[in-house]
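Please open the structure in a viewer and keep the selection tool at hand. The stops below are arranged so that each selection leads to the next.

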Amino acid sequence: MIKIGGNIIDDELLLTAFLKKFAVIKSKKILVHGGGKLATRMAEKLGLPQKMIEGRRITDAETLKIVTMVYAGYINKNIVAQLQSMQCNAIGITGADGNSILSHTREKAGIDYGFAGDIDSVNSACFIQLLLNEQTPVVAPITHNGKNQLLNTNADTIAQEIAKSLSSFFEVVLVYSFEKSGVLKDVENENSVIEKLHLGYYRELKETEKIFAGMIPKLDNAFKAIEAGVNKVIIGKGQELDQLITGKSGTTISHE
C-alpha cells in the first residue's frame, strides 16, 4: 500500500521515475495519490479563490467539481496510462467505484469544510477482488456518502484505512512517500533519519520534544495502523521507493 506525495505528482520526471519503480514491485500492490498543486492552479485560472484551514482544503461545490476533474480525471488516468505502458495492469478508481470507500461530510465545531469527507468504511472485498484478478488499483482521493454526494478526502487517510481493512487478509506494508528522507531527529538535517521506530521509543521522543512537531499527526496515524493489524509502516522519499520497500532507507515503524 503506497501513498504518493504531491512533490512527485507535481514533477513529471519524478513521477515517471517513481512509477517505473512501482511497476516492477512483484507483490500485490495499491497506489493512492493526492492532487498536488494542479487543482489549486486550475481553480486560480477559473477565478475561484481557494481556502485552506489547518492544511486542509475547504471544498465548496465549485471546488469539488475541480478536484474531481483533476484528481479522479487527469492525474489518475495519467498515472494509469503510464503504468499500463510499463506492463503494470493498473485500474483507476475513486471511493464511489465499486462502492469502495464510504464517507461522511467532515464535522468540526466552528469550521465548515464544505464537501470534505471523513471515512466511515472501506469495502475490502472490492480491493481483494481487484488484487486477486491481478489488477493494481490506483486510488484517487475522492469518496462518496452513498447518497449521490462525492467528497474530497485526505489521501493519507485513504491509504491508512485501506491498509487497515486489508490487514486481516494480507500481510500489509503501508508506505508514505514524501519530501523528507524519513522521520528526522533534526528537521534541518537529512542525515538524522530514525531508521527504526517503535511505540515506546516514539513516546520517549515526543516527551523529550526530540521529534519534529509536524510529523506527529502522521506518526500517530502510523501507530494506529500498526495497532489495527498493518504489519509495518515505512516513511521516506518517494524517489527511493525501491530502497524504502526493502528497508534500506526511510523510517520503518513496527511492533516492538
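**First stop: helix 6 and the sheet**

Select helix 6, which lies across strand 1, strand 2, strand 8 and strand 11 and runs at about 165° to strand 11. Here and below, helices (H or I, at least four residues) and strands (E, at least two) are DSSP runs, numbered from the N terminus. Axes are lines fitted to C-alpha atoms, for helices over the stretch in contact, and angles run from 0 to 180 degrees between N-to-C directions. Contact means heavy atoms within 4.5 Å.

The model is a predicted one: local features need pLDDT of at least 70, side-chain atom pairs count only at pLDDT 80 or more, and totals for chains, interfaces and linings use all residues. Residues are numbered from 1 along each chain as its sequence is written, and side-chain values use heavy atoms, with hydrogens and water left out.

**The open sheet**

Next, select the strands of the open sheet: 8 strands in the order 5-8-2-1-11-13-14-12, with mixed pairing. Two strands pair if DSSP finds at least two bridges between them. Strand 5 (90–93) and strand 12 (196–197) each have a single partner strand and stand at the edges, so one side of each is left without a neighbour in the sheet.

At the strand 5 edge, look for the parallel pairing with strand 8 (residues 136–139), made by 4 bridges. Isoleucine 93 is the residue to highlight here, as it stands opposite valine 139 in strand 8. Then add helix 4 (residues 61–85), which packs on the sheet and touches strand 2 (31–33), strand 5 and strand 8; the direction of helix 4 makes about 175° with that of strand 5.

**Strand 11 and its neighbours**

Move to strand 11 (residues 173–178). How many of its residues are buried? The count is 5 of 6, so to speak of strand 11 as mostly covered is apt; buried means under 20% relative accessible area, exposed over 50%, and partly exposed in between (1.4 Å probe, protein chains only).

Strand 11 is joined to strand 1 (residues 2–4) by 2 bridges, and the two run parallel. In this pairing, lysine 3 stands opposite tyrosine 176 of strand 11. Strand 11 also runs parallel to strand 13 (residues 232–237), with 6 bridges between them; valine 173 has lysine 232 in strand 13 as its bridge partner.

Now show the side chain of lysine 218. Lysine 218 lies over the face of tyrosine 176, at 5.0 Å from the ring centre, and also over the face of phenylalanine 178, at 5.8 Å from the ring centre. A charge sits over a ring if NZ of Lys or CZ of Arg is within 6 Å of the ring centre and within 35 degrees of the ring normal.

**An aromatic pair**

Rings of Phe, Tyr and Trp (its six-membered ring) pair if their centres lie within 6.5 Å; planes under 30 degrees apart count as stacked, over 60 as edge-to-face and the rest as tilted. By this rule there is 1 aromatic pair. Select tyrosine 202 and phenylalanine 223: the pair is stacked, at 5.0 Å centre to centre with 15° between the planes. The pair links distant parts of the chain, with tyrosine 202 in helix 7 (residues 199–207) and phenylalanine 223 in helix 8 (residues 216–227), 21 residues apart. Both tyrosine 202 and phenylalanine 223 are buried.

**Helix 5 against helix 6**

Select helix 5 (residues 124–132) together with helix 6 (residues 155–166): they pack at an angle of about 80°, with their axes 9 Å apart. The two helices are therefore roughly perpendicular to each other, a term for angles of 65 to 115 degrees, while those under 35 count as roughly parallel, over 145 as roughly antiparallel and the rest as oblique.

Which residues meet here? Ser124, Phe127, Ile128 and Leu131 in helix 5 meet Ile162, Ser165 and Leu166 in helix 6. The cover over the buried residues of helix 5 includes strand 5, strand 6, strand 7, strand 8 and helix 6. After helix 5 comes glutamate 134, whose phi is positive, near 60°.

**Last stop: asparagine 152**

Strand 7 (residues 116–122) pairs antiparallel with strand 6 (residues 101–105) through 5 bridges, and parallel with strand 10 (residues 150–153) through 2 bridges. Asparagine 152 in strand 10 is the bridge partner of alanine 116. At 10% relative accessibility, asparagine 152 counts as buried.
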